[in-house]
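Here is a predicted fold to look through together. Take a look at the chain first, and then we can go over some of its details in questions and answers.

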Amino acid sequence: MKKIYILLGWLFLFQLQTLDAQTAKQFNSWWMYFGNHRLSDKIGLHTEYQFRRSDFAANWQQSLMRVGLDYYLPNNAMLTAGYGWIESFPYGEQPIDLQFTEHRIWEQLILKQNIGRFYFHHRYRLEQRFLENVSLNEANEKIIDGFRFRQRGRYRFLVSVPITKKKIENNTLFFATYEEVFLGFGKGIAKNILDQNRLYFALGWQFNKAVNLQLGYLNHHVVKGDGVKKENNHTFQMGLTYNLNFQ
């Protein structure tokens, strides 16, 4: 287990070392809801909304909604496929030109395991992204000229550890940390194969089997399409998970 935290520490130091004059340093906040609702032994419904704000909470950064169909596999594994609607806004020191909409198809595999007090969570995700091409006409009106197609792969490794009890159960305080990398692939990729890197630390409270709340810090490193400009976003996160069982 020590090796895992040493690796996370090195990744955090690597992110700090990649900061330069082309890196915008910003403070944001993400307010999030997640739910995986069991409909039968094999099938479930994924619901999610993220209210992402810039300048801590003063302005829009992004609005993100996902829905998906879960398929439960043996040994705590799960497949999901779904749709995402994302609205991105100009923000920060390196803003995009105009607000635009993204339609996203996504597929993922989640693998879980428990070793002693440690809960491990591996998430492998593919995304097919359709991003609006937006511009202004002579009347200063926004027009949409088709979509750009992009593809991205993501891997997230998450570890959770109970603090007040030997395992994460009802009324348990726990610590959670994850590392997630985003890599672009396929046609249309610019100079930034590495799209994002996220490193997260949080405290959470497990109310019961269905509900937990996490408060944490996300170091959100973004590489722009030119491969030169970057963002290092210091982001406060509050995430509520509420899973319903309709069986």
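**Loops, pocket and salt bridges**

Q: What relative accessibility does Phe 56 have, and how does it count on the scale from buried to exposed?
A: On this scale, buried means under 20% relative accessible area, exposed means over 50%, and partly exposed is in between (1.4 Å probe, protein chains only). Phe 56 therefore counts as partly exposed, at a relative accessibility of 41%.

Q: Which pLDDT does a side-chain atom pair need in order to count in this predicted model?
A: Residues are numbered from 1 along each chain as its sequence is written, and side-chain values use heavy atoms, with hydrogens and water left out. As this is a predicted model, totals for chains, interfaces and linings use all residues, whereas local features need pLDDT of at least 70 and side-chain atom pairs count only at pLDDT 80 or more.

Q: Near what value is the phi of Phe 56?
A: Helices (H or I, at least four residues) and strands (E, at least two) are DSSP runs, numbered from the N terminus. On that numbering, Phe 56 sits in the loop between β2 and β3. Phe 56 is a residue other than glycine, and its phi is positive, near 65°.

Q: Where is Asn 171, which has a positive phi although it is not a glycine?
A: The phi of Asn 171 is about 55°. Asn 171 is partly exposed, because its relative accessibility is 44%. Its place is in the loop between β7 and β8.

Q: How far is Lys 167 from Asn 114, C-alpha to C-alpha?
A: Lys 167 also belongs to the loop between β7 and β8, and a relative accessible area of 47% makes this lysine partly exposed. Along the chain, Lys 167 and Asn 114 are 53 residues apart, while the separation of their C-alpha atoms is 9.8 Å.

Q: How much accessible area do the residues of the nonpolar surface patch with Leu 39 have together?
A: Leu 39 lies in the loop between β1 (23-38) and β2 (43-54) and is partly exposed, because its relative accessible area is 42%. Patches are made of residues with over 30% relative accessible area and no salt bridge, like charges being joined within 9 Å and nonpolar side chains (Val, Leu, Ile, Met, Phe, Trp, Tyr) within 5 Å; accessible areas come from the Shrake-Rupley method with a 1.4 Å probe, and for residues only the protein chains shown count as cover. Leu 39 forms this patch with Leu 45, Leu 240, Tyr 242, Leu 244 and Phe 246, and together they have about 520 Å².

Q: How much space lies in the second largest pocket?
A: Rolling a probe the size of a water molecule over the atoms shows where empty space is left. On a 1 Å grid over the protein atoms alone, a cavity is a set of points where a 1.4 Å probe fits but cannot get out, and a pocket is an open set with protein on both sides within 12 Å along at least five of seven lines; lining residues have an atom within 4 Å of a point. Grid points are joined across faces, edges and corners, and a volume is the space filled by probe spheres set on the points. For the second largest pocket, this space is about 1100 Å³.

Q: Which element gives the most residues to the lining of the second largest pocket?
A: The lining has 43 residues, and Ile 96, Phe 100, Arg 129, Leu 131 and Lys 224 lie nearest the centre. Elements giving two or more residues include β3 (59-73), β6 (118-136) and β9 (194-206). The most come from one element, with five residues: β7.

Q: How many charged residues does the lining of the second largest pocket have?
A: Ala, Val, Leu, Ile, Met, Phe, Trp, Tyr, Cys and Pro count as nonpolar, Asp, Glu, Lys and Arg as charged, and the others, Gly among them, as polar. By these classes, the lining has 15 nonpolar and 11 polar residues, and its charged residues number 17.

Q: Which residue does Arg 154 meet in a salt bridge?
A: A salt bridge is a side-chain nitrogen of Lys or Arg within 4 Å of a carboxyl oxygen of Asp or Glu, and the structure holds 11 of them. Arg 154 in strand β7 meets a partner 2.6 Å away, N to O. The partner lies in strand β6, 27 residues apart in sequence, and both are buried. It is Glu 127.

Q: What is the N to O distance between the side chains of Glu 102 and Arg 104?
A: Both Glu 102 and Arg 104 are buried. They belong to a network of salt bridges that also links Arg 123, Glu 127, Arg 129, Arg 152, Arg 154, Glu 180 and Asp 195. The side chains of Glu 102 and Arg 104 meet at 2.8 Å.
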